[in-house]
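This report is meant to be read with the sequence and the three-dimensional view side by side. Please look over both before going on.

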Amino acid sequence: EAWANKLSMAVEQNPASIYITDLAGRIEYVNEKFVATTGYPRSEAIGQDSRILRLGNVDVSVYTELWATIESGQVWQGELQGRRRDGTLTWERVWVSPIKDDQGKITNYLTIRENITELREVMLRLQESEGRFRSAMSVMVEGLAILSPEGKYVFANRSVEEFMGCAAGELIGQKPHGFPV
């Protein structure tokens, strides 16, 4: 009983949003993080179809693959855009796993969702920043090259490529030849 209580508390207090559905996708259990993350109170979420959390503009093939995977007894994982009760859009890393009884029959599905909205925004800003850097550096008259800790080119602007007599992008991944690193 103590062990079951520990497991229950681990799920309830988990920093990820966790919910359990029946085989048709109706929500039977949600943890506290689910309530905080989605904005749906337990009383409103329990009994609802899990579709309340997804967007209509997500490619149907993603959900088709998800259901085919979990119905075959496998774990599905991926990134999905979800919707909070207030309509706010979020990005989540999602794992959906079948729950099986002692005979191996699937009885329920367990979904774990980790909100990665801020991470995706940071990555997007980083990519935009890198794009601006590459654009600015590529038009410099001075040669600029950046080497990895292993001594391989990770960036070389057009001036360096012309100086070295290389085609665009040819230096990337290569070690400088004839120059000390």
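Which residues does leucine 171 touch, not counting residues up to four places away in sequence? Leucine 171 touches Tyr153, Ala156, Val160, Glu161, Met164 and Cys166, where contact means heavy atoms within 4.5 Å.

The model is a predicted one, in which local features need pLDDT of at least 70 and side-chain atom pairs count only at pLDDT 80 or more, while totals for chains, interfaces and linings use all residues. Residues are numbered from 1 along each chain as its sequence is written, and side-chain values use heavy atoms, with hydrogens and water left out.

**The chain as a whole**

The protein chain contains six helices and seven strands, which are DSSP runs numbered from the N terminus (helices H or I with at least four residues, strands E with at least two). Along the sequence these elements follow the pattern α-β-β-α-α-α-β-β-β-α-β-β-α. The radius of gyration is 25 Å, well over the 16 Å that the globule rule gives for 181 residues, so the protein chain is more spread out than a compact globule; the radius is taken over C-alpha atoms, and the rule is 2.2 Å times the number of residues to the power 0.38. Along its principal axes, the C-alpha trace spans about 70 × 40 × 35 Å.

Of the contacts between residues at least 6 apart in sequence, 32% join residues at least 24 apart. Buried residues make up 31% of the 181 residues, buried meaning under 20% relative accessible area, with a 1.4 Å probe and protein chains only.

As for confidence, pLDDT is the predictor's own score for each residue, from 0 to 100. The protein chain averages a pLDDT of 90, and 96% of the residues score at least 70. Confidence is lowest in helix H5 (residues 117–138), at a mean of 87, and highest in strand E2 (residues 27–30), at 97.

**Three buried residues**

The table sets out three residues with their places and relative accessibilities.

| Residue | Place | Relative accessibility |
|---|---|---|
| Threonine 117 | helix H5 | 15%, buried |
| Glutamate 161 | helix H6 (residues 158–164) | 6%, buried |
| Leucine 171 | segment after H6 | 7%, buried |

Leucine 171, whose contacts opened this account, is 18 residues from tyrosine 153 in sequence and 6.1 Å from it in space, C-alpha to C-alpha. Glutamate 161 in turn touches Ala156, Cys166, Ala167, Ala168, Gly169, Glu170 and Leu171, again leaving aside residues up to four places away in sequence. Ala156 and Cys166 are thus among the residues that touch both glutamate 161 and leucine 171.

Threonine 117, for its part, touches Thr90 and Trp91, with residues up to four places away in sequence not counted. Threonine 117 and leucine 89 are 28 residues apart in sequence, and their C-alpha atoms are 8.6 Å apart in space.

Note on methods. Buried < 20%, exposed > 50% of the residue type's maximum accessible area, 1.4 Å probe, protein only.
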